[in-house]
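Colleague: I would like a close look at one part of this model, with its surroundings described as carefully as the coordinates allow. Please take your time over it.

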Amino acid sequence: MARPAPDAEVDPRTLRAVLGNFCTGVTVITAHDGRRPLGFACQSVTSLSLDPPYVSFCPAKTSTSWPAMRAVESVCINVLAADQKEVCGRFAVSGGDKFEGLPWFRGDNGAPVVSGALARIEAELAFEHEAGDHTIAVCRVTALEAARDVDPLLFFRGGYGSFADM
Ligand SMILES: Cc1cc2nc3c(=O)[nH]c(=O)nc-3n(C[C@H](O)[C@H](O)[C@H](O)COP(=O)(O)O)c2cc1C
């Protein structure tokens with residue numbers, strides 16, 4: 001098979017479609033700026049380092065919430081459960097009050113914890129690296145809890161799903 005030249009154009013739709021075969025969980029990343037809760041749906045979460053305890057995620061440069069969240073520095077990564085597809089949908093849009101009617105409370109670091117989430121990981125922004133049309137946010141974990149013993153919400157090829165027994 002011929003290799004593409006290093007500078008060959010990669011079609012963004014192809015990139016999205018092929019990378020969509022990498023199944024992930026789904027999170028809602030939240031922060032509180034003192035006036036209002038903020039958050040966005042995010043699948044690019046990675047367990048990065050055990051010592052020190054770092055996690056990373058990649059906010060798009062088009063994110064309207066991330067600039068205010070970055071300034072706060074204290075975030076909560078809410079890992080969504082299989083029954084929280086609607087929660088993901090409300091955080092996958094820009095603008096409006098995404099928390100309206102949603103049960104949540106402030107975690108140890110002040111960031112909103114979404115009730116019913118599978119797990120919560122509270123963290124402080126440590127570094128942020130440039131990465132094309134996204135950035136890579138590296139955060140130091142300060143508190144965490146696996147709150148529910150249920151299946152996760154999964155994202156695969158642009159659709160939602162959950163585990164099935166093999
Ligand atoms: C399953 C799923 C995963 C997503 N993952 C990311 C992600 O990793 N990074 C990101 O910036 N946006 C991601 N998004 C898109 C944002 O949630 C979406 O652009 C949202 O409107 C951003 O809100 P904001 O403008 O308030 O920041 C994802 C959306 C969905 C549905």
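Colleague: To get our bearings, in which helix does Val 18 lie? From there, please go on to strand β2 (residues 27-32) and what surrounds it.

Modeller: This is a predicted model, and the answer to your opening point is that Val 18 lies in helix α1, which covers residues 12-19. Together with Val 10, Leu 15 and Leu 19, Val 18 forms a nonpolar patch on the surface, and the four share about 380 Å² of accessible area.

Strand β2 presents another picture, since six of its six residues are buried, so the strand is largely enclosed by the rest of the structure. Thr 27, Ile 29 and Ala 31 point one way from β2, while Val 28, Thr 30 and His 32 point the other way, and the residues of both sets are buried.

As for its partners, β2 is joined by six bridges to strand β3 (residues 37-42), and these two run antiparallel. Four residues lie between the strands in the hairpin of β2 and β3, where Gly 34 takes a positive phi near 95 degrees. β2 also pairs with strand β6 (residues 74-79), again in the antiparallel sense, over four bridges. Thr 30 is a convenient residue from which to follow both pairings, for it stands opposite Gly 39 in β3 and opposite Cys 76 in β6.

Ahead of β2 in the sequence, strand β1 (24-25) belongs to an open sheet of three strands, ordered β1-β11-β12 and paired antiparallel. Within that sheet β1 and β12 (159-161) stand at the edges, each with a single partner strand, so one side of each is left without a neighbour in the sheet. The partner of β1 is strand β11 (residues 154-156), to which two bridges join it in an antiparallel arrangement, with Gly 25 standing opposite Leu 154.

Turning to the ligand, 18 residues surround it, and those that come nearest are Ser 44, Ser 63, Thr 64, Ser 65 and Ser 94. A polar side-chain atom of Ser 44 lies 2.6 Å from a ligand oxygen atom, as does one of Thr 64, also at 2.6 Å from an oxygen atom of the ligand, and an N or O atom in the side chain of Lys 98 is 2.7 Å from a ligand oxygen. Taken alone, the ligand exposes 650 Å², of which the protein buries 84%.

One further residue deserves mention: Thr 135, found in strand β10 (residues 134-146), is buried, with a relative accessible area of 5%, and its side chain is joined to that of Glu 128 by a polar contact of 2.6 Å.

Key. Residues are numbered from 1 along each chain as its sequence is written. This is a predicted model: local features need pLDDT of at least 70, side-chain atom pairs count only at pLDDT 80 or more; totals for chains, interfaces and linings use all residues. Side-chain values use heavy atoms; hydrogens and water are left out. Two strands pair if DSSP finds at least two bridges between them. Patches are made of residues with over 30% relative accessible area and no salt bridge: like charges are joined within 9 Å, nonpolar side chains (Val, Leu, Ile, Met, Phe, Trp, Tyr) within 5 Å. Accessible areas come from the Shrake-Rupley method with a 1.4 Å probe; for residues, only the protein chains shown count as cover. A salt bridge is a side-chain nitrogen of Lys or Arg within 4 Å of a carboxyl oxygen of Asp or Glu. A residue is near a molecule or strand if one of its heavy atoms lies within 4 Å of it. A polar contact is a pair of N or O atoms within 3.5 Å; within protein, one must be able to donate a hydrogen and the other to accept it, and residues adjacent in sequence count only if both atoms are side-chain atoms. Buried means under 20% relative accessible area, exposed over 50%, partly exposed in between (1.4 Å probe, protein chains only).
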